[in-house]
Amino acid sequence: MQAVNSFVAAYLKKKGFKEAEQLLEDLQNKDSAPIDFHNDPDLANFIHRFSPPEDEVARYRDGYSKLRSWTYSSLDLYKHELLRVLYPVFIHSFMDLVAKGHLQEARTFFNAFHEDHQLMHSRDLKKLEGVLSLSHLEEMEFARSLRQNKVNIKICQYSYDLLLQYLHKTQSSAMLGVVNEHINFQVISGQPGSISDDMEVVTLIGSCQDAANQINQKEIHWGLLEDSLEERLEKEGGLLSDSEKIEGENKEGDAEESKKRSAEGGKQGSSTKKLKKDKSVNTTAKSARPEAKTTSAAPRVKPELTLPIMSTEVEQSILEDLRNRVQLSSIALPSVSFYTFLNTHNGLNCSSISHDGSLVAGGFSNSSLKVWDTSKLGQQNGGSTVLGENDSTSIEHLAGPNGAKRSYTLFQGHSGPVYSATFSPHGDFILSASADTTIRLWSTKLNANLVCYKGHNYPVWDVQFSPVGHYFASASHDRTARIWSMDRIQPLRVMAGHLSDVDCVQWHANCNYIATGSSDRTVRLWDVQSGECVRIFIGHRSMILSLAMSPDGRYMASGDEDGTIMMWDLSSGRCVTPLMGHTSCVWTLAFSCEGTLLASGSADCTVKLWDVTTSTKAPRNEDKSGNPNRLRSLKTLPTKSTPVYSLRFSRRNLLFAAGVLSKNV
């Protein structure tokens with residue numbers, strides 16, 4: 001007995017456990033009955049807590065293995081909720097073993113269980129696979145953020161009770177320690193959530209969630225601008241029904257068709273034919289109309305920015321487009337015009353389409369920006385449109401018989417790859433963002449560079465004109481977004497707060513807010529006037545590559561590197577629904593003009609159309625229906641071998657798309 005006491009006392013003294021050493025000394029000095037080491041549970045737990053480090057590896061390995069087996073053997077009703085716990089327990093057990101110096105055992109542990117999480121967390125696992133030492137844990141930003149923050153997991157009360165009961169019953173101190181230190185449970189009452197919610201309920205941002213919740217309490221005004229052209233046209237009763245449009249087109253005939261814009265003229269005809277076919281049944285027209293009035297129901301707000309004055313000619317042109325807008329719905333899908341870049345030799349970084357589809361721009365790795373007039377290309381190639389690059393045969397054919405002119409307008413001025421381009425709402429200007437840290441403004445009328453904007457310190461990934469023109473926003477590797485005006489060379493606002501690159505930026509419909517997507521896997525909404533962050537959207541599991549705002553300003557869609565799209569409610573800051581379907585990066589998103597459809601373009605060479613009306617109604621009916629498929633995919637439009645770079649709905653609701661033919665896909 002004395003030998004055991006001496007051994008324990010020496011161990012406690014060596015490890016510096018002074019309180020435990022004093023407690024043991026007090027026990028030895030007491031004149032009490034002999035202690036039964038085998039049958040005293042309190043003493044057994046005390047000694048087990050300070051067990052030698054040789055047992056640590058086994059405690060982690062056996063503890064996780066038993067927790068895994070217990071979870072997979074649970075009732076199906078609660079299994080999918082309990083499975084959410086396994087991933088954070090797995091990664092933190094692995095990192096704990098690395099931190100304690102058991103490198104080989106940590107690698108064995110990782111290889112034994114990582115396949116369970118490969119489907120949902122493949123990108124995270126690839127990053128963690130490179131952690132081979134304690135210094136890696138400290139230097140790797142991803143691993144450091146995991147160690148410093150807790151994981152938020154939503155779970156029902158009964159599943160939570162089952163888990164705690166298991167951990168206490170098995171006395172799995174290693175697993176209980178990981179759960180207590182690294183997981184924050186958000187316990188909800190009622191039945192377990194749907195398995196389709198798994199994308200929403202586990203976030204590896206942890207303590208940032210509290211800050212996000214506090215920021216998301218701020219008031220925002222998501223409505224549309226007062227006295228907009230759409231509102232003015234509605235008050236005048238100028239919006240025509242689809243049947244009236246068709247009757248008018250039949251009367252005007254070919255003479256009216258010749259006056260339409262060259263790029264949309266040929267393709268709008270096919271859209272009209274489709275409408276005639278769809279609207280031949282009267283009930284179809286009736287059911288499509290109510291869905292199209294989403295923007296008219298939106299509240300009206302005053303602009304925080306000084307809006308530019310619109311010329312009468314431009315205003316009349318926009319009003320004409322609005323009067324002839326095709327109303328889309330789940331049963332009246334848009335016509336699509338796809339522009340394909342050929343022979344780019346992997347040099348095309350981005351593409352952009354003007355609001356009326358008449359111009360298409362491409363930004364290249366050789367620092368050039370090229371703009372094609374699609375009306376000329378369309379006349380040469382009939383129904384299909386092909387954009388040639390570095391191919392003399394194609395260029396001569398598209399340029400015409402004389403061969404004197406190029407098929408595109410070449411803009412040169414950047415000293416690095418061009419990563420983004422955007423047309424002004426009226427198509428008379430185009431902005432380009434480059435790796436040379438600058439943004440350049442070009443005139444499509446003069447075919448010249450007008451201004452070079454300098455302010456970012458690192459490459460600029462994205463630039464977007466505001467819906468009213470004049471103002472634009474940029475996103476950069478320097479982790480900031482900036483707001484500019486065309487008449488000033490310095491930024492008006494700098495939005496700082498993201499923890500990594502700001503990869504994409506998008507304006508709100510009322511121009512009072514901008515949204516930014518980042519490699520830190522969050523989306524932020526910023527007030528243009530104050531420069532403050534008013535919303536943080538957490539839920540993505542990889543970098544955000546694309547953003548789109550609904551025309552009524554209430555919803556936002558974001559697409560990430562894994563192919564997931566999320567629909568967000570701006571007023572609450574919550575995800576309305578995750579949108580699964582793409583198998584690769586979502587590079588571009590676009591809402592139809594009345595907001596009933598969402599189009600998404602991906603590196604998986606498809607354009608997908610989604611029913612937004614169904615998704616936004618889902619939260620009200622979800623509890624009653626229990627239907628997890630809250631966002632309906634209406635149609636998938638595959639390309640032959642062309643990743644989709646950009647999408648644009650014209651004011652008349654014709655969908656334009658662009659991409660580059662890839663032989664590697």
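**Salt bridges, cores and confidence in the predicted chain**

In this predicted model, R61 is partly exposed, with a relative accessible area of 39%. The residue forms a salt bridge with D62, and the closest N and O atoms of the two side chains are 3.7 Å apart. D62 is likewise partly exposed, at a relative accessible area of 35%. Neither partner therefore counts as buried, since that term requires a relative accessible area under 20%. The R61–D62 pair belongs to a set of eight salt bridges found in a search of the whole structure.

A further member of this set joins R147 to D96, with the closest N and O atoms 2.6 Å apart. R147 is located in helix α9 (residues 141-148), whereas D96 is located in helix α5 (residues 76-99), so the salt bridge ties together parts that are 51 residues apart in sequence. The two partners fall into separate accessibility classes: R147 is partly exposed at 30% relative accessibility, while D96, at 9%, counts as buried.

A salt bridge is also formed between the side chains of R652 and D321, with an N to O distance of 2.7 Å. This pair links distant parts of the chain, 331 residues apart: R652 occupies the loop between β32 (644-649) and β33 (655-660), and D321 lies in helix α18 (residues 312-323). Both R652 and D321 are buried.

The largest nonpolar core contains 40 residues. Within this core, the residues that touch the most other members are Y64, V89, F90, F94, L128, M175 and F185. Helix α5 contributes the largest share of the core, namely 12 residues. The same helix carries D96, the partner of R147 in the salt bridge described above. When neighbours within four places in sequence are set aside, F185 is in contact with V85, I153, I155, Y160, L163 and V179. A second core, separate from that one, comprises 19 residues, among them A212, I483, V528 and C533.

At the level of the whole chain, 21 helices and 33 strands are present. Of the 665 residues, 53% are buried. Contacts between residues 24 or more positions apart account for 59% of those with a separation of 6 or more. The chain exposes about 31100 Å², of which carbon and sulfur atoms supply 49%.

According to an unreviewed UniProt entry, the annotation "repeat: WD" covers residues 411-443, 453-494, 495-536, 537-578 and 579-620. In the model, the span 411-443 is 61% strand and 0% helix, and its end C-alpha atoms lie 10 Å apart. I483, which the second core includes, falls within the annotated span 453-494. V528 and C533, also included in that core, fall within the annotated span 495-536.

Confidence is not uniform along the chain. The average pLDDT is 78, and 76% of the residues score at least 70. Two segments in which pLDDT stays under 50 are residues 196-207 and residues 241-294. For residues 196-207, the model has 48 contacts beyond four places in sequence; for residues 241-294, the corresponding number is 75.

Technical notes: Residues numbered from 1 in each chain as written. Predicted model: local features only at pLDDT ≥ 70, side-chain atom pairs only at ≥ 80, totals over all residues. Heavy atoms only, no water. Salt bridge = Lys/Arg side-chain N within 4 Å of Asp/Glu carboxyl O. Buried < 20%, exposed > 50% of the residue type's maximum accessible area, 1.4 Å probe, protein only. Helix = DSSP H or I, 4+ residues; strand = E, 2+ residues; numbered from the N terminus. UniProt positions renumbered as here; feature names shortened; annotations may be inferred. Contact = heavy atoms within 4.5 Å. Areas by Shrake-Rupley, 256 points an atom, 1.4 Å probe, with all protein chains shown as cover. pLDDT = per-residue confidence, 0-100. Core = buried A, V, L, I, M, F, W, Y, C linked by side-chain atoms within 4.5 Å.
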